[in-house]
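Here's a quick briefing for anyone meeting this protein for the first time. Have a look at the fold, then work through the points below.

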Amino acid sequence: MANYILDGRGGVCAQCGEEKRSLSQHWVKSATCEFRPLDDAQHEIVRGLLLGDGTLGGRRRPSLEVQSTREPHLRWLHRQLGWLSRGITQDGRGVYRLRTMSHGDLSEYESWRPTPPSNWELTPQAARVWYACDGAVGFTSDGARAQITFAASNDEKRTALRRLLSQAGFQSAKWDRRVALNRDETGDWLAWLGDPVPGSEHKWATSRAVYQRLRAERPVWKEGRKYPDESLLNALRNAADDLGTPPSKGDYDRWHPEEYPTGQTIAKRCGNWHDAIKAADLDLVEKLREYGHEGNEYPREMIYAAVREADHVVEGPLTREDYRAWRAMERDRGRMIPSLTAVIRPFGTWQSALDTILDSA
Ligand SMILES: [Zn+2]
């Protein structure tokens with residue numbers, strides 16, 4: 001079941017001035033109020049999403065959906081889309097989804113499936129959204145040089161994206177399932193896009209050291225052509241952090257960035273996937289049995305204790321960002337602390353987690 005963590009369906013209709021629980025339903029049913037047209041900024045965001053893995057559904061009045069494991073990223077998109085966004089939901093696996101309302105103006109993007117029309121040219125506004133969603137930055141083995149790549153699973157898409165990049169003045173190459181910008185153009189690309197996007201700041205880093213600081217993730221690196229053991233395990237720990245639970249091999253493979261080892265590499269080195277999870281100290285199921293709990297979740301006691309401790313350490317009201325930062329610090333000291341997602345899941349929202357846990361102290 002997906003729960004709304006941010007519900008944007010309702011609002012005040014600018015035409016009749018009334019507050020409605022669902023603007024789209026109001027506009028469908030009303031005899032006097034009509035669908036508000038998308039403005040240019042909203043169109044640019046929609047185009048940026050369609051360059052990446054945004055999916056358009058429905059015919060006459062389509063809606064657009066985008067998925068991410070990064071909640072701050074979707075919150076940013078929600079703010080940018082304004083009244084067009086219905087909000088953000090989270091499913092049981094910790095994946096976040098933003099969906100727009102169904103809107104007739106989106107039907108013009110039928111012609112964007114599977115690739116944008118040949119007469120459309122890439123703008124920095126659309127490119128910024130595209131990069132924040134589906135771009136990645138990787139680094140040379142010394143960590144000093146950055147290279148930008150984009151996900152593109154089929155050849156038709158890779159060709160179309162390279163054409164758009166070339167028209168905008170950027171040289172690129174086809175990689176396996178990706179398009180890569182020429183490494184000399186990383187700086188020009190970031191300058192062309194403008195300011196870093198909230199929730200995706202790490203993609204604006206031009207050295208690995210800065211990238212890791214912004215992502216608060218453990219280092220994953222290669223020595224020659226090989227990932228050292230600790231580097232492999234860090235990849236797995238970062239995945240568990242991001243996904244909110246120790247990942248299955250399939251989940252890991254869908255999640256992992258280009259510069260990370262594959263699930264196969266990790267499993268082979270450790271013997272099998274289960275041994276890898278154990279070696280990374282992520283074998284929650286076994287740890288939880290010691291607490292008398294079943295299933296792949298943190299026991300309530302651990303969640304309560306973690307939130308209370310974080311609240312005690314942080315001055316002022318405890319925000320999600322505070323909790324994340326505190327957890328990253330404690331995990332660096334080798335402690336096992338539930339992720340933000342794991343804390344929120346049993347309560348539905350961060351606020352109700354706080355209310356329940358801190359009130360029961
Ligand atoms: Zn109205």
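Strands β8 and β9 make a hairpin, with six residues between them. In that turn, G143 has a positive phi of about 80°. Bear in mind that this is a predicted model: local features need pLDDT of at least 70, side-chain atom pairs count only at pLDDT 80 or more, and totals for chains, interfaces and linings use all residues. Residue numbers start from 1 along each chain, following the sequence as written.

**The four-stranded sheet**

- The hairpin belongs to an open sheet of four strands, ordered β8-β9-β11-β10 with antiparallel pairing. Strands here (E, at least two residues) and helices (H or I, at least four residues) are DSSP runs numbered from the N terminus, and two strands pair if DSSP finds at least two bridges between them.
- β8 (135–139) and β10 (172–175) sit at the edges with a single partner strand each, so one side of each has no neighbour in the sheet.
- From one strand to the next, the twist averages 30°. For angles like this, axes are lines fitted to C-alpha atoms (for helices, over the stretch in contact), and values run from 0 to 180 degrees between N-to-C directions.
- Five bridges hold β8 to the antiparallel strand β9 (residues 146–151), and V137 has I148 in β9 as its bridge partner.
- β9 also runs antiparallel to β11, with three bridges joining them; here F150 stands opposite V179 in β11.
- At the other end, four bridges link β10 to the antiparallel strand β11 (residues 178–181), and A173 faces A180 in β11.

**The five-stranded sheet**

- A second set of strands to look for is an open sheet of five, in the order β1-β6-β7-β5-β4, with antiparallel pairing.
- Its edges are β1 (3–7) and β4 (55–57); each has a single partner strand, so one side of each is left without a neighbour in the sheet.
- Neighbouring strands of this sheet are turned by 25° against each other on average, ignoring direction.
- β4 pairs with strand β5 (residues 63–68) in the antiparallel sense, over three bridges. G57 is opposite S63 in β5.

**Domains and how they touch**

- The protein chain splits into domain 1 (3–40 + 58–112), domain 2 (124–215), domain 3 (229–282) and domain 4 (295–359). These bounds come from an automatic or database domain assignment.
- Domain 1 and domain 2 have C-alpha centres 28 Å apart.
- Six residues from domain 1 and six residues from domain 2 take part in their contact. Two residues are in contact if their C-beta atoms, placed from the backbone, lie within 7 Å.
- On the domain 1 side, helix α3 (residues 71–81) gives the largest share, four residues.
- By class, that side of domain 1 has three nonpolar, one polar and two charged residues. Ala, Val, Leu, Ile, Met, Phe, Trp, Tyr, Cys and Pro count as nonpolar, Asp, Glu, Lys and Arg as charged, and the others, Gly among them, as polar.

**Nonpolar cores**

- Which residues touch the most other members of the largest nonpolar core? They are L49, V129, W130 and L161, out of 42 residues. A nonpolar core is a set of buried Ala, Val, Leu, Ile, Met, Phe, Trp, Tyr and Cys residues joined through C-beta atoms within 7 Å.
- Helix α4 (residues 124–134) supplies the largest share of this core, seven residues.
- At least three residues come from each of domain 1 and domain 2.
- Another core, of 16 residues, lies apart from this one, with L233, L236, I266 and A280 among them.
- Not counting residues up to four places away in sequence, L161 touches F150, A152 and V179.

**Two residues to find**

- N3 is in strand β1. Why does N3 count as partly exposed? Because N3 has 15 C-beta neighbours inside 10 Å; 20 or more other C-beta atoms within 10 Å would make a residue buried, 12 or fewer exposed, and anything in between partly exposed, with C-beta atoms placed from the backbone.
- Beyond its neighbours within four places in sequence, N3 is in contact with T89, Q90 and G348.
- R269 belongs to helix α10 (residues 263–270) and counts as partly exposed, with 17 C-beta neighbours inside 10 Å.
- Setting aside neighbours within four places in sequence, R269 is in contact with D229 and L232.
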